Every structure is written in structure tokens, then in C-alpha cells.
Amino acid sequence: MFSKGDFMKNKLRFLLDKKAQGDFVSIPSFCTANNLAIKAVLQYAKKNSKIALIEATANQVNQDGGYTGMRPKDFADFVTSIAKEINFPLDNLILGGDHLGPLVWADLPEDQAMANAEILVREFIEAGFTKIHLDTSMRLGSDDQDSMLSDETIASRGARLMQVCKNSYDKIRETNPNAEKPVYIIGSEVPVPGGSRENDEIVTVTSTSALKATYAEYKNTFANHGLADCFDDIIGIVVQPGVEFSDSDVHVYSRDKAKQLSREIKGYNNIVLEGHSTDYQPRLALREMSEDGVGILKVGPALTFAIRAGLFALSNIENVLIPHNQRSSIIKVLDDCMQENPDNWFNYYHGTEAEITIKKHYSYSDRVRYYMSEERVQLAVLKLFNNIDSIIKEIPGGLLHQYMPEQYFKVRDNKLEYTAEQLVLDWVVPFIEDYYLASD
């Protein structure tokens, strides 16, 4: 047997160490399965000697492949391969699993949905993920669809998944006693993955009573299930701090509206808040959230939103310089994919045909990201990059400035490698930088 302390301390515990010293800091959590977005994050983190926390959601990655076609081990290998490609130090990489629970199987009865959820969390632990969001907040097929789930039911299902995680980690330690011990995030007030569906949706800050109830219920339930020690591994609670985005609107953080929640969390030494859907928040708002106790700032669609914007800009340059029959036609390829399989955007975008077309291209919800991993899209991106690289020295400075003004100045001043891929990756840098600067 191993004595307590043999395992490697989880890197994310620095959030609690800082909090104990009265220093409220945060870490950005980049929730994306897009290869270009991940590469942009790792490049920035390497350049600035930062820890990179990369997360995958249950609908992106699961034992059935998710919409990316990857299982947890596949995703871990995928991110690691990108890190190795750019010589990113693996000691500074943290892998997280988001919304891990019965989300993907919510239409099934509890016994089936939770059995699938157990497989899910086990595969994430076995693949080396060390930040686990246990999300059992959704009603299942056998639940009363007209009633909210009780905190007791949510916590009980969470304890069931925690037991699986504990058993999986204990098994890993049999061959690797120094394996980094996972930490966990809980919370019943979980925003919808990927942003709101309605522009006028009212965003209500989590109440202090809800926070207290969640904390107390999980603590009692874990104790009743023989998991009291595991409760110490919970370092955060997901809350709604008053931020959200939809296809055209962003609800910006209000420190005044969240002051009671902020005051409450500062009374807990062993947990921080995790804020979802913080995409598109101004840097000042992110900084205020960090100072107010939101220790984990999650961002996802904004990253692929920037990748899409960079690809579209590069496509405009391609249209000027590359003959029609040799172009990648990346925008048309994406349009075709979305039209042929509308399930990932149809319920999010409303209006006239012209309005929907604009939303499909430029929405903050960025439903385009669900199609970026399709083979023909990947091939179109590769062709776009090859086309641009083949004429990179022939691109007039005025043309580059027209469609990529920020990148133009960086290229001019030798601050950016002049390749098609790096031009696109640089579009993500302002979003990445906002999070790291806000969290320092």
C-alpha cells in the first residue's frame, strides 16, 4: 500500500495555496478539440512560460468517439503530439474533462445513462486527465421531466462517479505510485455547453444559498458513501457568475451583481469558483472575475471563432491571387457540411435565410466548430495553407494589410513567422492573452 503523500501534488492546487495567502488568482481553461486552437494556446504558453490547461467536453470526446471521433486516450495523444511538435514542456500541460457524466445519454433511463457515465470517467482517468468536472446536473430519461433534480440526487450520482474515479486512480498507482492525483469540480448550476440559444436570455448569478447547499450536500453525501477523503480532492464549484453569450450577444460580468457570491466564496479556503461561458468577456471583466474568486476561467468557442476568422481572411487573399479552379473554397466546403448535417446549428440560429447564413459564418456561438474536424474541411484547410505558402512572398503588403491588418504589422516587424498557418494562429492570440493577463 502507498502512504498518503506518495502521489504527485496536482498542479491546480496552487489556486488554493494562493487563496490561503489571501491572493486570488485564476487559470484559464481552454476547452477545445480544434488542432489549430490548441497549437495557438500551446505556442503562447510556451513563449510566456505558462501552464496550459486544455479540456475536452463529453460531447466532443467519449467512449463512442464524440463529434470529434476521439476517445479520451485519443484526445490525450492528440494534444500531446501537438505539444511535442512545438517542443512544449509536458510538465506544464494539464488535461481536463468537462461535463463528465450522463450528459450524452440523458435521454436514457438512469441505470443505462449512469453506467455509460461510469465508463466515461474511467476512460478519462486512465488516459491521464487530472482535472475532472463531475456533471450530474441533467435530468435523465427516467426522471420526472417536469421537476428539477434535487441536490441530493445530483450529489448521489456524483458520488457514484467519484467512486469510479477513485478506483481507477488507485489502479494507476499500482504501477505508478507517483501518478499525479486528479482534482475535481462539482456544481449543479452548470451553463449549457457552447453558450445560450437565445439572445435575450436572462442571466442570473448563482445565489449564496445555492452555493452553500451544493457544498453541504456533496460533503454529506460523500461522507455517507465512504468518500469523505475524496471530498478533499474537490477544488472548485461551477457557478453562474453572471456571464453568458449567444449567437449575437455577450452578457458582460457585473462585479456589483456578483458581490454576494464573491463574498461567500472567499470564506471557503478549500475551493474556488469555476466560471463557464466566459468567452468574449473584456479583459477587465476577466480580471475582476479572477479577483472575485472565479479561479478557473473557461473559454472555448471564442478560440475557434478566431480560427474561423483567420481562415476566412486568408481565403479572401487566396481568392485574389489563386486561380478559381485551384482554390481551397474553404468557406463553401464549410457551408456544404453545415447544410448537409444541420443538427449542430439548426436549433441555435433563427431568422430569415439571409440572417441565418450570416449567423452560420459569424455567430459568437461558433457552431462552425462542430464541422472543423471533418475530413473534407481539414483537407480544404491544408489546401488553403499550401496555396498561400506557395505565393507567400508574392502577397502585396497592401493586400495582407487589407485582410490581416494586425498580422501585417507583426510580419513587417519580424515578430511573426510568415507562413499561412502562423497567420491564422495569430488571430487567436488576443483571446489567449486576455485570459493569461487577467489571471496573473
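What radius of gyration would a compact globule with 440 residues have, and what value does the protein chain have? For 440 residues a compact globule would come near 22 Å, and the protein chain has 22 Å, which agrees with that expectation. The structure is a predicted model, and every value in this report is to be read in that light.

**Overall build**

The protein chain is made up of 17 helices and 10 strands, and along the principal axes its C-alpha atoms fill a box of roughly 70 × 45 × 45 Å. Of the 440 residues, 54% count as buried. Among the contacts with a separation of 6 or more, 77% are accounted for by residues 24 or more positions apart. The protein chain exposes about 18,900 Å², of which carbon and sulfur atoms supply 49%.

**Charges and salt bridges**

The protein chain carries 46 positive and 63 negative charges, and the mean positions of these two sets are 5 Å apart. Side chains of opposite charge can pair when their charged atoms come close. A search of the whole structure finds 28 salt bridges, including the three in the table below.

| Salt bridge | N to O distance |
|---|---|
| Arg-157 and Glu-110 | 3.1 Å |
| Glu-118 and Arg-160 | 2.6 Å |
| Asp-143 and Arg-157 | 2.9 Å |

The side chains of Arg-157 and Glu-110 meet in a salt bridge, and this pair links distant parts of the chain, with Arg-157 in helix α5 (residues 151-175) and Glu-110 in helix α4 (residues 110-126), 47 residues apart. Arg-157 has a relative accessible area of 4% and is therefore buried, whereas Glu-110, at 30% relative accessibility, counts as partly exposed.

Glu-118 and Arg-160 also meet through their side chains; Glu-118 lies in helix α4 and Arg-160 in helix α5, so the pair ties together parts that are 42 residues apart in sequence. Here Glu-118 counts as partly exposed because its relative accessibility is 21%, and Arg-160 counts as partly exposed at 32%.

Arg-157 takes part in a salt bridge with Asp-143 as well, and this pair links Asp-143, in the loop between β4 (131-134) and α5, with Arg-157 in helix α5, 14 residues apart. Asp-143 is buried, since its relative accessible area is 15% and the cut-off for buried is under 20%.

Elsewhere, salt bridges that share partners join Glu-55, Asp-98, Lys-131, Glu-274 and Lys-298 into one network.

Terms used
Residues are numbered from 1 along each chain as its sequence is written. This is a predicted model: local features need pLDDT of at least 70, side-chain atom pairs count only at pLDDT 80 or more; totals for chains, interfaces and linings use all residues. Side-chain values use heavy atoms; hydrogens and water are left out. Helices (H or I, at least four residues) and strands (E, at least two) are DSSP runs, numbered from the N terminus. The radius of gyration is taken over C-alpha atoms; the globule rule is 2.2 Å times the number of residues to the power 0.38. Buried means under 20% relative accessible area, exposed over 50%, partly exposed in between (1.4 Å probe, protein chains only). Contact means heavy atoms within 4.5 Å. Accessible areas come from the Shrake-Rupley method with a 1.4 Å probe; for residues, only the protein chains shown count as cover. Lys and Arg count as positive and Asp and Glu as negative; His and the chain ends are not counted. The place of a charge is taken as NZ of Lys, CZ of Arg, CG of Asp or CD of Glu. A salt bridge is a side-chain nitrogen of Lys or Arg within 4 Å of a carboxyl oxygen of Asp or Glu.
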